[in-house]
Structure formats: C-alpha cells, structure tokens
Amino acid sequence: MEQLKELLFALCTAAGTSGDEVCAAQVVKKALEPYCDVTIDHMGNVIAFMGDKQAQRQVMLDAHLDQIGMIVTQIDEDGFLHVASCGGVDRRVLPGASVTVYGKKQLTGIVCCLPPHLVEDDGSTIEPIDKMAIDIGMDKNEAEQMVALGDRIIVNGAPRALLQHRIASAAMDDRAGCAAVIRCVQLLSDKRLTCGLTLLFSSREETGSQGAKTGAFRIFPTEAIAIDVTFADQPGVPAHKCGNLGKGPMIGTSPVLDREMKDRLLHIAKDEELPYQIEVMGGATGTNADVISTTQTGVRTALISIPLRYMHTPVEVIDLEDIEHTARLMASYIHHR
C-alpha cells in the first residue's frame with residue numbers, strides 16, 4: 001500500500017491541465033517503462049502495450065491524464081491576472097485560494113477576495129470565474145515579463161495522507177484512475193497474457209474527451225474499460241447518487257455500456273471476493289466511456305469508477321484500498337477470461 005501511495009502522490013503532484021498534460025504524461029511514462037513499450041502521441045495521450053498483438057481479443061484500459069485548472073485571458077492595468085475555466089472548476093473554493101501560475105517560471109498567486117466587512121450582500125454570491133482576478137504581486141510590466149496569455153493556473157492542493165488509507169489532494173480526478181491502471185499493469189507483469197492489452201492515458205477529458213476520441217480511434221480495441229472517479233458519500237449527497245469510500249470500486253451500468261462486460265466484472269468480483277459497488281446511470285455516463293463506445297464501428301465498453309469526495313476541488317479524497325481493488329478487478333478480468 002505504501003508503494004501505491006507513493007505512486008499516487010507522484011501523479012497528483014505533476015501538473016497537467018487539459019491540453020497541457022506534459023508533466024503528468026512523463027510521470028506515467030516513467031512508471032510504465034519497466035513493464036511495456038510506451039509512446040506519447042500528438043494529442044498528448046500516453047499509450048502503452050503489453051501482451052499478444054496477434055490475439056483476437058484486444059483490450060484497452062483508459063484513464064484520463066488531465067486535471068481542472070484555469071487559463072490566463074488578460075493582464076489588467078494593475079498587474080492582476082484574469083482567467084477562464086479550463087475544465088469544471090468549482091468556483092466556490094476559489095476566493096482566497098493559493099494557486100500556481102505556470103508562466104516563464106512557476107509563480108504563486110492568490111485569488112482575490114473581498115474582506116467580509118465590504119461585502120454588500122450576505123456573502124452567498126460567488127462571482128463567475130471570468131469576473132475573478134489573481135494577484136501575483138506584480139505590476140503590469142512585471143507580470144507581462146513573466147506571464148503570457150494562455151498560461152495555465154492550478155489551485156494548490158498538495159497530497160496529504162489522512163487516516164484509514166485515505167488521501168486528500170488536487171487532481172485525484174483522474175490520477176486515482178491512472179494509479180489503478182498502473183497498478184493493474186504491475187499485477188499482470190509476471191503473467192502470460194493471451195490477449196493484447198493497450199493502456200490509454202488520455203488527454204483533455206475535462207474539456208470534451210478529445211484524447212479518448214482520437215486515442216480509441218487509433219487503437220480500436222475489441223473491448224475497453226474506462227476508469228474514472230464518481231461521487232462518494234458525504235453530507236448533503238443523496239445515498240442513491242454516491243458510493244462509499246473503502247467499499248470497493250463502482251461497476252457502472254448504463255444504456256451506453258456493454259451489459260455482458262458489466263456482468264462479467266460482477267461475476268469476477270463475487271468469485272474472487274473483491275469488494276464492489278454498483279452505479280446505475282439512466283443515459284450517458286459523463287466519462288470517456290461515452291466516446292470510446294462509439295469509436296469507428298463501435299467498441300464494447302465498461303466503466304469502473306473510484307469513489308471520491310469533494311470532486312473538482314483541491315481536496316479530493318479517495319481511499320487507497322479502492323484503487324487497489326480496482327486494479328485487482330481489472331487484472332482478473334484481463335487475465336482469466
């Protein structure tokens with residue numbers, strides 16, 4: 001479990017907003033190189049392969065590399081940075097937050113906020129992101145020397161260990177999924193595979209799943225499993241809309257997912273006494289599974305999700321045991337079928 005924790009910390013620490021996943025891609029590449037051939041394509045996807053290239057059965061595992069953040073749109077006359085969202089940032093956590101600006105060098109900034117004494121309403125109104133500004137402690141000329149329009153910004157949220165195998169960090173969506181796929185590879189590394197296994201760590205999921213669209217089109221497997229995160233239990237979230245931390249991965253069932261693959265995952269989980277939960281969706285899943293399943297002439301696709309609290313904030317919380325059980329479920333599905 002300690003090695004898995006170290007891997008997850010390395011993944012979550014690496015910057016990688018949508019369309020700029022280079023640092024995160026390098027961490028994934030380094031982790032995979034002892035086990036398989038690894039390339040990075042023009043979209044920034046990390047693609048790796050192990051097993052039998054000639055086998056009729058070709059499986060793909062997908063987890064997305066990118067994390068939410070912001071992008072610089074303007075430097076105003078006083079040197080404050082104005083931004084737009086890069087993915088679904090939760091604006092409620094932004095005022096007063098510490099951020100890192102990835103300019104010519106890394107700069108620390110603070111999202112501007114009014115003192116409560118000067119707030120005219122009851123404080124419940126939160127400005128849209130395009131109305132917010134970031135203070136990097138520079139005037140306009142200094143700021144323009146260090147920051148360019150289009151530079152990326154990430155809310156600071158360093159990984160921290162909590163009790164009971166739980167970790168809080170920014171970027172857990174979907175570095176937890178990336179860690180599960182890498183751990184699956186480790187579990188399979190000494191096994192003889194009778195199938196081909198392609199690993200897709202896709203870019204730009206938070207802005208439209210462009211990496212998964214192009215990556216899956218290139219690979220065109222016979223079946224695929226998308227690994228992402230989903231809502232976990234917390235105050236205010238209805239129980240039927242979330243999973244429970246530490247109770248295992250959530251196996252998705254939805255009209256856009258393959259029923260036979262779902263049933264097979266459930267059978268394996270029961271047979272091997274792996275904890276699992278079921279997530280029911282009435283339509284699209286909101287994950288890369290949606291675009292993978294419609295690639296070319298269609299790909300049979302399943303979805304496994306890791307429960308996560310406080311999604312799209314810098315303190316996303318997961319349980320390491322859920323990542324481990326996700327990896328073991330995928331490894332058994334791939335090896336024993």
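**Close-ups of a predicted model**

**View 1. A hairpin in the barrel: strands E6 and E7.** Let's start with one pair of residues: Val101 has Leu107 in E7 as its bridge partner. Keep in mind that this is a predicted model. Val101 and Leu107 belong to a longer pairing, in which E6 (residues 98–102) and E7 (residues 106–111) run antiparallel and share five bridges. How many residues does the hairpin use to join E6 to E7? The link from E6 to E7 takes three residues.

**View 2. The other neighbour of E6 in the barrel is strand E9.** E9 covers residues 152–155, and four bridges tie E9 to E6. E6 and E9 run antiparallel. To find your way around this pairing, look for Val99, which sits opposite Val155 in E9.

**View 3. Six strands close up into a barrel.** Now zoom out from the last two views. Follow the strands around in the order E4-E5-E8-E7-E6-E9, and you'll find that their pairing is antiparallel. If you ignore direction, neighbouring strands of the barrel are turned against each other by 45° on average.

**View 4. An open sheet of eight strands.** The order to trace here is E1-E2-E12-E3-E13-E16-E14-E15, and the pairing is mixed. Which strands are at the edges? They are E1 (37–40) and E15 (277–280), each of which pairs on one side only. Between neighbouring strands of the open sheet, the average turn is 25°, with direction ignored.

**View 5. Two pairings inside the open sheet: E1 with E2, and E3 with E13.** Begin at the edge, where E1 and E2 run antiparallel and are joined by four bridges. Asp37 is a handy landmark, with Phe49 in E2 as its bridge partner. E1 and E2 also make a hairpin, this one with five residues between the strands. Spot Gly44 in the turn: its phi is positive, at about 90°. Next, move along to E3 (residues 58–64) and E13 (residues 223–231), which run parallel and have four bridges between them. In this pairing, Leu61 faces Ile225 of E13.

**View 6. Helices H5 and H8 lie across strands of the open sheet.** H5 (residues 210–219) lies across E1, E2 (46–51), E3 and E12 (196–202). Its direction makes an angle of about 160° with E12. H8 (residues 320–336) lies across E3, E12, E13, E14 (250–253) and E16 (300–308). H8 runs at about 165° to E16.

**View 7. Helix H1 packs on helix H4.** Two packed helices are described by the angle between their axes and the distance between the axes. For H1 (residues 2–13) and H4 (residues 172–188), the axes come within 9 Å and cross at roughly 135°. That angle is over 115 but not over 145, so H1 and H4 count as oblique to each other. The crossing of H1 past H4 is right-handed. On the H1 side, the contact uses Leu4, Leu7, Leu8, Leu11 and Cys12; on the H4 side, look for Met172, Arg175, Ala176, Cys178, Ala179, Ile182 and Arg183. Ten of the residues in this contact are nonpolar, two are charged and none is polar.

**View 8. Helix H4 also packs against helix H8.** Here the axes of H4 and H8 are 8 Å apart, at an angle of about 50°. Why are H4 and H8 called oblique to each other? Because an angle of about 50° is neither under 35 nor within 65 to 115, it goes into the oblique group. H4 passes H8 in a right-handed crossing. H4 brings Ala176, Ala179, Ala180, Val181, Arg183, Cys184, Leu187 and Leu188 to the meeting, while H8 brings Ile323, Glu324, Thr326, Ala327, Arg328, Met330, Ala331, Ile334 and His335. Sort the residues of this contact and you get twelve nonpolar, two polar and three charged.

**View 9. The whole protein, with eight helices and 17 strands.** Along its principal axes, the C-alpha trace spans about 65 × 40 × 40 Å. The protein's radius of gyration is 21 Å, which agrees with the value near 20 Å that a compact globule of 337 residues would have.

Methods: Residues numbered from 1 in each chain as written. Predicted model: local features only at pLDDT ≥ 70, side-chain atom pairs only at ≥ 80, totals over all residues. Heavy atoms only, no water. Pairing = 2+ DSSP bridges. Axes fitted to C-alpha atoms, helices over the stretch in contact; angles between N-to-C directions. Left-handed = near helix turned anticlockwise from the far one by under 90°. Contact = heavy atoms within 4.5 Å. Nonpolar A, V, L, I, M, F, W, Y, C, P; charged D, E, K, R; others polar. Rg over C-alpha atoms; globule rule 2.2 N^0.38 Å.
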